[in-house]
Amino acid sequence: MQATAYTYDPETRSGSVLLDDGTPVEFGAEAFDAGGLRLLRPGQRVRIETEPATGDAGGGAGLRITLVTLQTL
């Protein structure tokens, strides 16, 4: 699934993305680290992998992001 980076905190290695319908979904350090990235800038196009969220832990859309990486062609 593709999304756009919305926020990123380099100290916590967590942030959020916007799905194509504008829904924000948060991600934690585990998802960021799984993608092997060093930095993420707002506006960058990213590829995410998700799983259903339990409770409200995953942010919007009932999803929990498990991986964030840059979108490549």
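Helices (H or I, at least four residues) and strands (E, at least two) are taken as DSSP runs and numbered from the N terminus. The structure is a predicted model, in which local features need pLDDT of at least 70 and side-chain atom pairs count only at pLDDT 80 or more, while totals for chains, interfaces and linings use all residues. Residues are numbered from 1 along each chain as its sequence is written, and side-chain values use heavy atoms, with hydrogens and water left out.

On these terms, the chain contains one helix and five strands, arranged along the sequence in the pattern β-β-β-α-β-β. Of its 73 residues, 32% are buried, where buried means under 20% relative accessible area, exposed over 50%, and partly exposed in between (1.4 Å probe, protein chains only). The accessible surface comes to about 4,500 Å², and carbon and sulfur atoms hold 49% of that area; such areas come from the Shrake-Rupley method with a 1.4 Å probe, and for residues only the protein chains shown count as cover. Among contacts (heavy atoms within 4.5 Å) with a separation of 6 or more, 49% join residues 24 or more positions apart.

The five strands form an open sheet in the order S3-S2-S1-S4-S5, with antiparallel pairing. Strand S3 (24-27) and strand S5 (63-70) are the edges; each has a single partner strand, so one side of each is left without a neighbour in the sheet. From one strand to the next the twist averages 45 degrees, with axes fitted as lines to C-alpha atoms, for helices over the stretch in contact, and angles running from 0 to 180 degrees between N-to-C directions. Two strands are said to pair if DSSP finds at least two bridges between them. Strand S1 (residues 2-9) and strand S4 (residues 45-52) do so through three antiparallel bridges, and Ala-3 stands opposite Val-46 in S4.

The antiparallel strands S2 and S3 are joined by four bridges, with Leu-18 opposite Pro-24 in S3. Their hairpin has four residues between the strands, and Gly-22 there takes a positive phi near 90 degrees. In a regular strand the side chains alternate between the two faces of the sheet. Along S3, Val-25 and Phe-27 point to one face and are buried, whereas Pro-24 and Glu-26 point to the other and are not.

Phe-27 also belongs to the largest nonpolar core, a set of 16 residues in which Val-17, Phe-27, Leu-40, Val-46, Ile-48, Ile-65 and Val-68 have the most contacts. S1, S2, S3, helix H1 (29-34), S4 and S5 each give two or more residues to this core. A nonpolar core is a set of buried Ala, Val, Leu, Ile, Met, Phe, Trp, Tyr and Cys residues joined through side-chain atoms within 4.5 Å. Leaving aside residues up to four places away in sequence, Phe-27 touches residues including Ser-16, Val-17, Phe-32, Leu-40, Ile-65 and Val-68.

Two polar residues complete the picture. Ser-16 lies in strand S2 (residues 14-19) and counts as buried because its relative accessibility is 8%. Its side chain makes a polar contact with the side chain of Thr-7 (2.7 Å); such a contact is a pair of N or O atoms within 3.5 Å, where within protein one must be able to donate a hydrogen and the other to accept it, and residues adjacent in sequence count only if both atoms are side-chain atoms. Thr-69, in strand S5, counts as buried at 17% relative accessibility. Beyond residues up to four places away in sequence, Thr-69 touches Gly-35, Leu-37, Val-46 and Arg-47.
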